[in-house]
Amino acid sequence: MSHRTYRHVDTPVPYLGLTWRQWLLVVSCAALALAVIDLLHPPTPIALWLGTVLLTAPVAVSYFTSGATVSFARLLLDHARWLLAPRELAPSRTVEHVRARGFMVAPLPARGQRSRAPRRSRTRVRPSSGDLLPLEALSADGVGVLHSGALVRWIEVSPVNPLIHDTEGAEGISRAFTSIAARLPDDRQSLQLIAQATPLPVETILAAEREDCHCAADDARSRSSEQLAVAVERLGLAQEQSIRTQSQALAALELRYFVVAPWQPARPGIGLRRSRRRAGPLTLTPAEYERAARESARHTEGIRTDLESIGLAADLLSGEEVAMMIWARFAPGQADAPGPPDLRLDLPGTLDELADPGRARAHAIELRCALCPEPIDLSDKTVVRIGEHVEQARYVGTLPEQTWLGWLLYLMSAHCPFTVATHVHATDRTRERLFHKRRYRRIHGNNRGTEMKGRPLDPDQQAQETEAADLNAELALTGAGIYRVSNYLSIREPAGDAEALIEVLDAIGRELSGANEAHLHPGVAAQREVFCSSLPTGCDTAGRTRKYVSVNVGDTTPLVGARCGSPSGIPLGYSSVGRTLERLDLFDAAHSNHMLVVTGDSGFGKTMIVNNIYARALARGDHGAVIERGGHYQFLASLIPGAANVSLGSGTDAICPWDTPDPASVAAEKIDYLIALHATLIGTGRREEYGLTALEENLLGRAIREVYERCVVTREAPRELLLQETLSARAASEAQAGAGQMADALRDLAARLHNFCGEGPYAYLADRPTTVPHDAPLVVFDTRRIPAHFAGAAMFEIVEHVAERVARSVQRHLLQDGHAPDGSGLRRRAPRYYLTLEEVWKLLEHEATARWVNELPRRSRHDNLALIGVSQQLSDFNNAWGRAFIDNSARKLTFHQAPRQIEFLREELGLTPDEVQAIGQLKTVKRDYSTAYFDNGPRGRGTITARYSDLEYWICTHDPEFDEPVRRQALRDAQGDPWRALRLLADPAWHQRLAGEAA
């Protein structure tokens, strides 16, 4: 929902055609003209000329530029300040005398003991890059002191995703941000909100991924699986190549969000004292410091609590983390380089340790030398050069026509590192309300006077009067207040190309103005001040503020983004807003279960991304199984030693659902599973029915228990043939007892089992020994040869087989206390297993299997089993059990959908208009990238882009028209060796040779 702004709230009221500033300029120019004429006594013509020039020229310029977005006086002041200020600032560590004051906590000397400090010889202070740092002190516990005397603390927060909230949700979040601004008690306090994007630390990410891969390989070697260890390391290298190349191609960024909370303890001259000689440190007595620190901590804790109340994670930063954040702005070249920085900064534990002037000033100098290590060049009026990098800062100079939660996202579309900073300054509500009452009366009187003279009102005059009346009503009837807000955007070009940087900023400015009529101003000759205002220090040096009403302040927050990934897990893709690397963690504790549903039209990347999830999971040492009907995962399985391709319905492959570790101790869940399986195999076959009558269900349950009891005595393996024999024997005994109806039911059940026993055509479903390797890292179950009416039952068997296998694996891990099986003493994390169900809707057609599958996520949460359901359309789940499956799914990944499917998505999932638009724009470019909408539950929602290197592309692709023939040719050239074939597929020279042969 958008809220209109009061665009004329800053417009001054004219008096007799001129504002009070213009009348002051008239009087000043007239006085200057009279003084010059009186001093020079020129002839009358020259005196008239001087009077005309000195009086009318400035007044005319001021009058005709009064409607401009940047006032003429502001431009003059900026240029004068730029001309007078130093333009080349050397690194602080290379300057002998750095400008710094410091802060100390010391008691006041007694009145009789005060003595005037001896006059020292004045040392020449050279300009340095530290002059731009307003920080006078910083403690290890994360409390700083600004040159204004304000105590400041820093909070790192998670962002709000405005695209996923409906009108009511967005209004609630906007009100929450308004309440945070309302915590500012008076016009001395302010708040800074920052969104900061830096280049993605690719090497750090790859080092962590490499460590996980090496741990998985070492674990495989501890189990004497050298070939599997080599394959795991190769998969890790393929993932590393994808992340490195695609992060560079996309200029991927890392987005962090901060709230800077300065607290001014007292007005200058009351509590905070400055030395008589202005070079001395700022001073507070121990009692004053304790009170100020207590108030600052209470103020910051209130802000943090408000942030957490709307679901944002908020953590206070330590002094070292604050120093790193500020250092990254003053040394971008070093911050972008891989490897940890060495600041060599010794921070006091608390600020009250700074108890003497010498240590206070030395600490302030140390801060500047450590945090400002690169030269800064301000000789260009439009940019700031920091070392080899060039940066330009702009500010929003006009009020937008309306605001909505997330309107500052337009400032976050840069392809370069950027910082968006918003300063919120409190005002005195009572004073502002009285001021605007008087302002409305003046405007109303002027307009009525104009009408009485018979002149029509100017449209701007009418708009001012209407806005003034509405503002008065809002201030009087609600708890609204007025705040002075400034918004800054600073973008950095690492290559030092100023022209390319200006083009990026111009494009962002056009998008912003086209959306809501707000304009980005370049800050010509004011780059020093605007750049300092974008630093994470809480200081609004430039002071480019405009007045906003409370409801607009709640919308004007940069703490917004489109992050949708988990903090850890498998790298999945890059978000569309900010190009941040998003991760998929199916075992994330923030979710209620380990489920993921993947939907999308054929050929748009579903199978590709699931293959990639498995490849990257295997590189971490995880295991998995896939139930499919198209051979989409067989090449990946061929790369993994020990992996199995199981083809049910042909050959000798089979799964016996009767398998159990101990026939003498069979849980009730096993009996229920076998009953549900038979309801699918020999039931009525009608959809959405259980398939068995209550009598048949009871008879089967009793017979199944008798089979297990028989196997305990005879040492036979439980199988379907034994069930048939048990049913036939019980039918005969019931017939002898005269229970003809019972005997008929038992004979009927036994007869229906004929095709599933012995040499029956479907014996592989229930009567043959299981042939699936128990320790295979990846098992691909191919169900293409199973008849369609038994496909659901076969999938049901496989799912339960995998679930039991995972449960046994977890129990073994618990019995070993997490230690490696070779006795090395190394600890391993609990095993993780992925199960993918292609065409999962087949399991949801019948009540028996659907009820079991919907229960599986609840059981699998305790067994480290992740379930991935894949289907082309979400409407495949359009039944009672399918809807329950979707509702239970903690995550959803949606690829391109037909328009009618998008409407179904909107109705079933309650999508917002922004989400519907995002899904409608999803697309896939063959052999380049694919986009998908990722719903990650409480972690967020957004569009991601999946890109792969050549190695991962040829591992994961299964395009039957173009890619599969090429891969088969590579396998022939590699004599069937899949890893050699993969190297050929990733070799451009081999593709050129293949194209030449085809030509």
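The following questions and answers concern the predicted model shown above.

Reader: Which element of the protein has the highest mean pLDDT, and which the lowest?
Author: This is a predicted model, in which local features need pLDDT of at least 70, side-chain atom pairs count only at pLDDT 80 or more, and totals for chains, interfaces and linings use all residues. Residues are numbered from 1 along each chain as its sequence is written, and side-chain values use heavy atoms, with hydrogens and water left out. The protein averages a pLDDT (the predictor's confidence in each residue, from 0 to 100) of 86, with 93% of the residues scoring at least 70. Among its elements (DSSP runs numbered from the N terminus, helices being H or I of at least four residues and strands E of at least two), the highest mean, 96, belongs to strand 6 (residues 151-157) and the lowest, 74, to helix 23 (residues 847-860).

Reader: Which residue stands opposite tryptophan 154 in strand 8?
Author: Strand 8 (residues 253-263) has 9 of its 11 residues buried (under 20% relative accessible area, where over 50% is exposed and in between is partly exposed, with a 1.4 Å probe and protein chains only), so it is largely enclosed by the rest of the structure. Two strands pair if DSSP finds at least two bridges between them; strand 8 pairs in the antiparallel sense with strand 7 (residues 190-199) over 8 bridges, and with strand 6, also antiparallel, over 7 bridges. Opposite alanine 197 stands leucine 255 of strand 8, and opposite tryptophan 154 stands valine 260.

Reader: Which helix gives the largest share of the largest nonpolar core?
Author: A nonpolar core is a set of buried Ala, Val, Leu, Ile, Met, Phe, Trp, Tyr and Cys residues joined through side-chain atoms within 4.5 Å. The largest has 85 residues, and those with the most contacts inside it include Leu723, Phe781 and Val802. Its largest share, 11 residues, comes from helix 22 (residues 788-815).

Reader: Is histidine 299 buried or exposed?
Author: Histidine 299 lies in helix 7 (residues 286-309). Leaving aside neighbours within four places in sequence, histidine 299 is in contact (heavy atoms within 4.5 Å) with Arg183, Leu184, Ala261, Pro262 and Trp263. Because its relative accessibility is 7%, histidine 299 counts as buried.

Reader: What is the phi of alanine 525?
Author: Most residues other than glycine have a negative phi. Alanine 525 lies in the loop between strand 17 (520-521) and helix 14 (527-533), and is buried, with a relative accessible area of 4%. Although alanine 525 is not a glycine, its phi is positive, at about 65°.
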